[in-house]
Amino acid sequence: MPDVVELIKKQHREVDELLKRAESGDGDTAALLQKVSNLLLPHSEAEESFVYPKIRELKSSENEMVKDGVAEHHDMEAKLSELLREDPDSPGYDGKLAAFIGELRHHVEEEENDLLPVLSEKASDSERESMGSRFMQETEGRLMAASGTVGGVATGTSGSSGSGGSEGDEPTKTELYEKAKEQDVPGRSSMSKEQLKEAVDRD
Ligand SMILES: [Fe+2]
Ligand SMILES: [Fe+2]
């Protein structure tokens with residue numbers, strides 16, 4: 001079972017990879033930011049729903065830091081949704097993108113340096129593992145729901161969609177994702193359909 005601290009850090013790295021690509025103009029900025037949003041929103045929600053409360057319970061002196069973290073989530077979400085509504089070629093866009101990325105990196109740094117160590121030090125291994133399972137369910141479950149319309153497969157049917165394929169030879173994104181999950185492909189939750197196809201074929 002995944003340790004919640006490792007899982008959160010792994011998702012941070014996935015988001016950062018996408019942002020690095022957006023910064024360097026490697027790929028379609030709007031599509032990259034949409035992926036960032038698909039990853040980040042469930043991630044932050046899961047942190048707020050049970051990770052931050054646990055940190056506060058274990059170390060009450062982190063209360064202010066946790067409050068700052070929640071405020072930063074909301075601010076980053078506002079900045080990101082503004083970016084998603086705008087044309088990446090519009091004037092001022094690059095500055096807004098840089099501001100969003102800067103804030104996100106600062107937030108991640110504080111989370112990893114100040115908040116997550118509380119769990120590493122004060123929560124037991126089994127607590128971190130059961131939190132990790134919950135975190136995975138909440139983030140990957142919502143991610144699937146968000147991308148579930150791709151390929152026409154209904155959402156919320158994970159686990160039973162493997163043998164579909166009635167729309168032709170092409171596997172759907174959901175099917176590919178399920179396969180990647182079975183093979184424990186790293187970074188699968190932020191992959192496009194093409195990337196998933198490549199990743200599962202390679203294995
Ligand atoms: Fe985080
Ligand atoms: Fe966070």
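Here are three short exercises with worked solutions on the structure above.

This is a predicted model, in which local features need pLDDT of at least 70, side-chain atom pairs count only at pLDDT 80 or more, and totals for chains, interfaces and linings use all residues. Residues are numbered from 1 along each chain as its sequence is written, while chains are lettered from A and ligands numbered from 1 in the order in which they are written.

**Exercise 1. Find out what secondary structure the chain has, and where its largest nonpolar core lies.**

Step 1. Start with the elements: the protein chain has 7 helices and 0 strands (DSSP runs, H or I of at least four residues for helices, E of at least two for strands, numbered from the N terminus).

Step 2. Next, look for the core, meaning buried Ala, Val, Leu, Ile, Met, Phe, Trp, Tyr and Cys residues joined through C-beta atoms within 7 Å. A residue is buried if 20 or more other C-beta atoms lie within 10 Å of its own, exposed if 12 or fewer, and partly exposed in between, with C-beta atoms placed from the backbone. The largest core has 16 residues, and those touching the most other members are Val4, Ile8, Val51, Ile55, Leu119 and Phe135.

Step 3. Now trace the core back to the helices: H1 (4-24), H2 (29-58), H4 (93-122) and H5 (125-147) each give it two or more residues.

Step 4. Apart from this core lies another, of 14 residues, including Leu39, Met76, Leu83 and Leu104.

**Exercise 2. Describe how helices H2 and H3 pack.**

Step 1. Take the angle and distance: H2 and H3 (residues 63-85) pack at about 165°, with axes 11 Å apart. Axes are lines fitted to C-alpha atoms, for helices over the stretch in contact, and angles run from 0 to 180 degrees between N-to-C directions.

Step 2. Classify the angle: H2 and H3 are therefore roughly antiparallel (under 35 degrees is roughly parallel, over 145 roughly antiparallel, 65 to 115 roughly perpendicular, the rest oblique).

Step 3. List some partners: the contact includes Leu33, Tyr52 and Ile55 of H2 and Val66, His73 and Leu83 of H3. Two residues are in contact if their C-beta atoms, placed from the backbone, lie within 7 Å.

**Exercise 3. Decide whether Leu97 is buried or exposed, and find what it touches.**

Step 1. Locate Leu97: this residue sits in helix H4.

Step 2. Count neighbours: Leu97 is buried because 20 C-beta neighbours lie inside 10 Å.

Step 3. Check contacts: leaving out residues up to four places away in sequence, Leu97 touches Ala22 and Leu83. Leu97 and Ala22 are 75 residues apart in sequence, yet 8.8 Å apart in space, C-alpha to C-alpha.
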